[in-house]
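Subject: Structure handover

Dear colleague,

Here is the structure I said I would pass on. My notes on it follow below the model.

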Amino acid sequence: MRIKKNDLVKVISGNAKGSEGKVLKVFPEGGRIIVEKVHMIKRHTRKQQNRGGGQQGGIVEKEAPIHISDVMLVCPKCGKPTRTSVIILGDGSKARKCKKCQEMLSEQK
Ligand SMILES: [Zn+2]
C-alpha cells in the first residue's frame, strides 16, 4: 500500500473531492482507507427503551471508507499532493520519496 495510517491525504475524485484529512485506517485487501472527517455518512442507531421510559438513539455521523485511488498523499515536507516512489535503503528497508521535492518521507513502522 502506498498510503499508510496517519498519512495526510487529499481527495482528488468522488463526492469528497478537495478535502484533506488524516488516514485513520487502511484496508489493504479492498484497497480502501478511512480518512478523518472525509466521506461522513449518517448511521441510524437503534432506539432502545430505557428505564425512564424515554428513548435513546438517533443519528451518528461516521467516516465511510473511500478508495485509495481517489486520494493523493500530501507530502509533509513540501505540503503538496504528490506521488511517491519507493527507494531501498542501504539496510534493505524501504522508504518513500516525494516526487515533487525529492525529500524522503519517514516510514511509519
Ligand atoms: Zn514533497
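Cys75 is buried, with a relative accessible area of 2%. This is a predicted model, and Cys75 is one of the protein donors of its zinc ion; the others are Cys78, Cys98 and Cys101, each through SG, at 2.2 to 2.3 Å from the metal. Along the chain the donors are spaced as C-x2-C-x19-C-x2-C. Cys75 sits in the loop between β7 and β8 (81-82), while Cys101 sits in the loop between β10 and β11 (104-105), so this pair ties together parts that are 26 residues apart in sequence. Unlike the buried Cys75, Cys101 is partly exposed, at 29% relative accessible area. The angles subtended by the four donor atoms around the zinc ion run from 103 to 118 degrees; the arrangement is therefore tetrahedral.

Next, the salt bridges. The structure holds three of them.

Arg96 pairs with Asp7, with 3.0 Å between the closest N and O atoms. This salt bridge links distant parts of the chain, since Arg96 is in strand β10 and Asp7 in the segment before β1, 89 residues apart. Both Arg96 and Asp7 are buried. For Arg96 the relative accessibility is 4%, which is under the 20% limit, so this residue counts as buried. Strand β10, where Arg96 is placed, covers residues 94-98. Asp7 is one polar partner of the Arg96 side chain, at 3.0 Å. In addition, a polar atom of the Arg96 side chain lies 2.8 Å from the backbone oxygen of Arg2.

Lys10 and Glu20 form another salt bridge through their side chains, at 3.7 Å from N to O. Here the link is between strand β1, which holds Lys10, and strand β2, which holds Glu20; the two residues are ten apart. Lys10 is partly exposed at 26% relative accessible area, and Glu20 is partly exposed at 42%.

The side chains of Glu61 and Lys42 also meet in a salt bridge, at 3.9 Å from N to O. Glu61 belongs to strand β5 (residues 55-63) and Lys42 to strand β4 (residues 40-49), with their positions 19 residues apart in the count along the chain. Glu61 is partly exposed, with a relative accessible area of 46%, whereas Lys42 is exposed, with 57%.

Some further points on Glu20. Its strand, β2, covers residues 20-27. Leaving aside residues up to four places away in sequence, Glu20 touches Leu8, Val9, Lys10, Val38 and Val74. The C-alpha atoms of Glu20 and Val71 are separated by 9.0 Å, and the two residues are 51 apart along the chain.

That leads to the core. Which residues of the largest nonpolar core touch the most other members? They are Ile3, Ile33, Ile66 and Val71, out of 15 residues in this core. The elements that contribute two or more residues to the core are β1 (8-11), β3 (32-35) and β7 (71-74). Again leaving aside residues up to four places away in sequence, Val71 touches Arg2, Ile3, Val9, Lys10, Val11, Ile12, Ile33 and Ile66. Two residues in that list have come up already: Lys10 is in the salt bridge with Glu20, and the backbone oxygen of Arg2 is the one that lies 2.8 Å from the side chain of Arg96.

Regards

Methods
Residues numbered from 1 in each chain as written. Predicted model: local features only at pLDDT ≥ 70, side-chain atom pairs only at ≥ 80, totals over all residues. Heavy atoms only, no water. Core = buried A, V, L, I, M, F, W, Y, C linked by side-chain atoms within 4.5 Å. Buried < 20%, exposed > 50% of the residue type's maximum accessible area, 1.4 Å probe, protein only. Helix = DSSP H or I, 4+ residues; strand = E, 2+ residues; numbered from the N terminus. Contact = heavy atoms within 4.5 Å. Polar contact = N/O pair within 3.5 Å; in protein donor to acceptor, adjacent residues only side chain to side chain. Donors = N, O, S within 2.8 Å, 3.2 Å for Na, K, Ca; no water. Tetrahedral: all angles 85-135°; square planar, octahedral: opposite > 155°, others 65-115°. Salt bridge = Lys/Arg side-chain N within 4 Å of Asp/Glu carboxyl O.
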